[in-house]
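User: Please take a close look at one part of this structure and explain what surrounds it. I should then like to see how that part fits into the rest of the protein.

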Amino acid sequence: MHYKYYFKYTLDGRTVKIANKPNDDFSFELDEHLNTLKLKVLPKSPLQILEFYLQLDYKFHDDSRFFANGFQSWTDTKEFTRNETVSDLNTIGKSPYGKMYGMKYVGDYTFIHTDYKKGQFHSHGFAYVRNGDNIDLFGSLDDRTGYTLIYADMHNDSMRFSKDLDGKTIDEPYEVLNLFITGGDYDEVFDEYFKEMGVKPRTNNKIKGYTSWYNYYQDISEDIILRDLNSLAQQKEYVNTYQVDDGYETKVGDWLLVDKKKFPHGMKPIADAIHENGFKAGIWLAPFGAQKGSVIAKEHPDWLITDESGKPVPVGHNWGGFYALDIYNEEARQYIKDVFHEVLDVWGFDLVKLDFLYAASVLPIHGKTRGEIAYDSIDLLRECVGDKEILGCGVQQMPCFGKVEYMRIGPDMALWWPHKLLRKNMHREDVSTPNAVHNSIYRRCLNGRAFLCDPDVFLLRRDNIEFTFEQQKTLAKFIKLFGGVLFMSDDISQYNEEQLEVFRDVLSDDDSKVTHVSEENGKVYIEYTQHGKTNTLKFDIENGEIL
């Protein structure tokens with residue numbers, strides 16, 4: 001293959017831009033084999049990298065599709081045509097409100113180099129071009145040195161392979177690319193890719209049951225949790241896990257300060273009650289988050305990630321705004337470990353849903369790239385959780401390959417189908433049923449290879465919801481087909497027999513398997529087999545019309 005490269009760096013106070021040739025400051029070491037390409041920068045004296053990319057000519061056809069993997073769990077992810085565009089941070093995200101709450105840090109908006117034009121896309125970690133049934137896969141084998149970014153320009157027939165090395169100073173050989181390139185059918189190329197990485201899932205066991213979030217949100221209590229638990233216990237042959245979501249803590253970050261009005265007896269009796277009913281006990285945490293007004297944020301500002309002026313950096317608008325813990329601060333790191341000890345060893349929970357994990361790596365700090373920090377943060381969590389289980393969420397996917405048991409691969413489902421205008425004007429990571437469906441379809445390559453995928457919940461109740469029952473049944477079947485995490489958030493004592501029948505179908509172990517997926521003009525067709533019969537799910541992905 002013929003490559004061109006561009007390199008920009010600073011050395012001794014001067015900024016240097018180089019294209020297609022080394023100079024007296026550095027050299028490249030290229031190691032290229034049949035399916036792999038590795039590239040290192042060999043500096044002759046310390047230099048700070050500002051930008052790097054390798055460019056490859058690639059012929060796109062009129063009907064080519066480019067798969068762009070989003071930055072984190074919630075980022076919209078799908079195949080794009082040459083006449084589409086990828087979204088930028090939207091109106092509210094760019095507004096003074098968005099700036100005040102650090103919405104730009106929820107995604108990749110601070111370090112992506114793109115013009116957001118038709119046919120121009122970027123992908124994180126891996127990407128592919130689909131021509132008919134043939135897939136040309138381009139994937140990073142290791143992002144620990146920094147995020148690998150793959151840019152496509154479908155109108156100018158080029159691809160760029162870059163590395164987020166913002167502010168990285170190197171004084172010894174440093175790997176800037178480690179790529180795997182192959183072609184074939186869908187399953188074939190991803191089997192090869194994960195084999196080359198040496199990544200295997202930590203479990204093949206699905207979790208099936210309940211999470212409190214999508215009915216009550218933070219308005220949970222001991223009474224609600226125990227009531228829904230007792231209802232679910234009537235169907236225990238279909239269920240193995242019961243998860244308490246956000247709302248038990250006084251503030252996000254103050255995990256050991258349980259809200260005594262909501263949970264007067266604390267959380268250990270909740271875990272005990274879940275176990276007594278024969279279920280695995282799960283609980284939600286955002287271990288790197290510290291809500292504005294939390295005890296952690298007020299009493300330990302030195303634990304927080306700060307800007308150059310020393311002010312804490314807001315990293316999202318949830319809960320009225322929140323900050324992020326600096327995982328390299330020894331006291332903050334010990335606090336995180338103490339929290340997990342209490343939750344897992346004292347309260348007795350078996351699974352932790354760990355959310356908003358992107359927060360740890362919003363800035364390159366301590367001489368580390370965002371990618372290095374992301375990997376270090378997941379390593380810390382794995383150390384804390386030990387042999388118990390992790391359901392990751394709101395996190396970059398590649399650092400979690402083979403490190404977590406389960407992974408949310410899309411945004412939160414809304415309690416309605418269309419992606420509403422207000423939500424569209426936030427950012428690419430906001431609540432969206434169409435985006436959740438898209439992500440589950442196009443990240444299915446990760447299910448059973450990197451971890452088991454969580455496509456989010458199925459909901460069958462008829463109150464506090466805007467779906468039709470036909471839409472609910474379609475989404476329930478969709479979740480069954482694409483998920484390794486099968487959760488709902490209903491009080492099933494309110495179900496009628498038809499709702500119970502759908503509930504049991506989703507959670508029953510059978511031979512269900514997706515055989516083909518296609519999408520044309522917003523219409524999705526999913527062929528699958530179940531009980532020896534071939535069936536098709538057909539719906540409009542944007543408005544939820546059942547076809």
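Analyst: The buried residues of helix 5 are covered by several elements, including strand 15, helix 4 (213-216), strand 16, helix 6, strand 24 and helix 13 (497-507). This description rests on a predicted model. In helix 5, the buried residues are Glu222, Ile224, Ile225, Asp228, Leu229, Ser231 and Leu232. A residue is called buried if its relative accessible area is under 20%. Helix 5 itself comprises residues 222-232 and lies across strand 15 (207-211), strand 16 and strand 24. Relative to strand 16, helix 5 runs at about 165°.

The strands beneath this helix lead to the sheet that contains them. Eight strands make up this open sheet, in the order 23-22-21-20-17-16-15-24, and their pairing is parallel. At the edges are strand 23 (452-454) and strand 24 (485-488), each of which pairs on one side only. On average, neighbouring strands of the sheet are turned by 25° against each other, with direction ignored. In general, the strands of a sheet pair through backbone hydrogen bonds, in either a parallel or an antiparallel manner.

One pairing within this sheet may be followed in detail. Strand 16 (residues 241-244) and strand 17 (residues 280-285) run parallel and are joined by four bridges. Gln243, for example, has Gly282 in strand 17 as its bridge partner. Helix 6 (residues 268-276) lies across strand 16 and strand 17, and its direction is at about 145° to strand 17. Helix 6 is also one of the elements that cover the buried residues of helix 5.

The loop between helix 3 (186-197) and strand 15 holds Lys200. Lys200 is exposed because its relative accessible area is 67%, and the term exposed applies over 50%. Apart from its neighbours within four places in sequence, Lys200 is in contact with Gly402, Arg449 and Ala450.

A second sheet offers a contrast in pairing. This open sheet has three strands in the order 25-26-27, and its pairing is antiparallel. Strand 25 (513-520) and strand 27 (533-540) each have a single partner strand, so one side of each is left without a neighbour in the sheet. From one strand to the next, the twist averages 15°. Seven bridges link strand 25 to strand 26 (residues 523-530) in the antiparallel sense, and Val514 stands opposite Tyr528 in strand 26. Helix 12 (residues 469-482) lies across strand 25, strand 26 and strand 27, at about 65° to strand 26.

Helices also pack against one another. Helix 8 (residues 330-346) and helix 9 (residues 370-385) pack at an angle of about 35°, and their axes are 9 Å apart. Their crossing is right-handed. Helix 8 contributes Arg333, Ile336, Lys337, Phe340 and Leu344 to the contact, while helix 9 contributes Leu380, Leu381, Glu383, Cys384 and Val385. Of these contact residues, seven are nonpolar, none is polar and three are charged.

Finally, the whole protein may be considered. The protein contains 13 helices and 27 strands. Its radius of gyration is 23 Å, close to the 24 Å that the globule rule gives for 547 residues, so the protein is as compact as a globular protein of that length. Buried residues account for 62% of the 547 residues.

Conventions: Residues numbered from 1 in each chain as written. Predicted model: local features only at pLDDT ≥ 70, side-chain atom pairs only at ≥ 80, totals over all residues. Heavy atoms only, no water. Pairing = 2+ DSSP bridges. Helix = DSSP H or I, 4+ residues; strand = E, 2+ residues; numbered from the N terminus. Axes fitted to C-alpha atoms, helices over the stretch in contact; angles between N-to-C directions. Contact = heavy atoms within 4.5 Å. Left-handed = near helix turned anticlockwise from the far one by under 90°. Nonpolar A, V, L, I, M, F, W, Y, C, P; charged D, E, K, R; others polar. Buried < 20%, exposed > 50% of the residue type's maximum accessible area, 1.4 Å probe, protein only. Rg over C-alpha atoms; globule rule 2.2 N^0.38 Å.
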